[in-house]
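This report looks at strand pairing, charged side chains and burial. Please read it alongside the sequence and the structure shown here.

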Amino acid sequence: MVAVKKKIAIDMDQVIADMEISFVELFKKEYNLSFETIEDYLAENPNFDLVTTIKELYPLINNYTFFRNIPVMKDSQSVLRELTEKYDLYIATAAMDVPKTFTAKYEWLQEHFDFIDPQHYIFCGDKSIVHTDYLIDDSIRQLDRFSGTGILFVNSLNDTEERYIRANNWKDIRDYFLSIKD
């Protein structure tokens, strides 16, 4: 009898694709700013409104070039490659939020995660349609909609959330999934 692998859905933006680096560089260029880290900038500008800034920069983000050139999140490739031995992996990205990026996201996945079957790419909006055992995501909204076990990939926008299993990096993800007994 062949054992059925459990299924893990993995968000793309800010989970395997390090959008923060690209967004900060775009922000610095568009507003002609110079700072070392986003934390430094936020400390010096406590009234900074990230949501408004994202809305202002949306036309520059919702395009092929921005998404095609996003760096890979540290350790995500090696950990996901290792997890393929025990789990079926799916990429679930809320691409409907940035519809001009489908091709860039597909090509990016092919380049950086070629070991994940393209038939396992889910381009959606509302992740309640995703029926896997686990969802690794940085979006509270998406985790709230998901019916399986949600794992919060922690970042500066969700770091106070305590309702989900938390992962600060890909080594935490590895440790969590490899510690699960069949």
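With which residue does aspartate 13 form a salt bridge?

## A salt bridge between buried residues

In this predicted model, the partner of aspartate 13 is lysine 105, and the closest N and O atoms of the salt bridge are 2.9 Å apart. The pair links distant parts of the chain, since aspartate 13 belongs to the loop between β1 and α1 whereas lysine 105 belongs to helix α6 (residues 102–112), 92 residues apart.

Both partners fall under the 20% cut-off for burial: aspartate 13 has a relative accessibility of 15% and counts as buried, and lysine 105 is buried with a relative accessible area of 0%.

## Other salt bridges

A search of the whole structure finds 13 salt bridges. One of them joins arginine 68 to glutamate 107, with 3.2 Å between the closest N and O atoms. Because arginine 68 lies in helix α4 (residues 64–68) and glutamate 107 in helix α6, this pair ties together parts that are 39 residues apart in sequence. Arginine 68 counts as buried at 19% relative accessibility, whereas glutamate 107, at 28%, counts as partly exposed.

Another salt bridge is formed where the side chains of arginine 141 and aspartate 97 meet, at 3.6 Å from N to O. Arginine 141 lies in helix α7 (residues 140–145) and aspartate 97 in the loop between β2 (87–93) and α6, so the contact ties together parts that are 44 residues apart in sequence. Arginine 141 is partly exposed, with a relative accessible area of 41%, and aspartate 97 also counts as partly exposed, at 41% relative accessibility. In addition, a network of salt bridges links Asp11, Lys127 and Asp137.

## Strand β4 and its partners

Strand β4 (residues 134–137) sends Tyr134 and Ile136 one way and Leu135 and Asp137 the other way, and all of these residues are buried. Asp137, which is buried in this strand, is also a member of the salt-bridge network with Asp11 and Lys127.

Strand β4 pairs with strand β1 (residues 6–10), to which it runs parallel and is joined by three bridges; here isoleucine 136 of β4 is the bridge partner of isoleucine 10. Strand β4 is also joined to strand β5 (residues 149–153) by four bridges, and these two strands likewise run parallel. Within that pairing, tyrosine 134 has threonine 149 in β5 as its bridge partner.

## A buried phenylalanine in helix α1

Phenylalanine 23 is found in helix α1 and is buried, with a relative accessible area of 12%. Although phenylalanine 23 and phenylalanine 67 are 44 residues apart along the chain, their C-alpha atoms are separated by 10 Å.

## A negative patch on the surface

On the surface, Glu36, Glu39, Asp40 and Glu44 gather in a patch of negative charge. Glutamate 36, one of these residues, lies in the loop between α1 (19–30) and α2 (38–44).

Why does glutamate 36 count as exposed? Glutamate 36 has a relative accessible area of 73%, and the class of exposed residues begins over 50%, so glutamate 36 counts as exposed.

Note on methods:
Residues numbered from 1 in each chain as written. Predicted model: local features only at pLDDT ≥ 70, side-chain atom pairs only at ≥ 80, totals over all residues. Heavy atoms only, no water. Patch = residues over 30% accessible without salt bridge, like charges linked within 9 Å, V, L, I, M, F, W, Y side chains within 5 Å. Areas by Shrake-Rupley, 256 points an atom, 1.4 Å probe, with all protein chains shown as cover. Salt bridge = Lys/Arg side-chain N within 4 Å of Asp/Glu carboxyl O. Lys, Arg positive; Asp, Glu negative; His and termini not counted. Charge placed at Lys NZ, Arg CZ, Asp CG, Glu CD. Buried < 20%, exposed > 50% of the residue type's maximum accessible area, 1.4 Å probe, protein only. Pairing = 2+ DSSP bridges.
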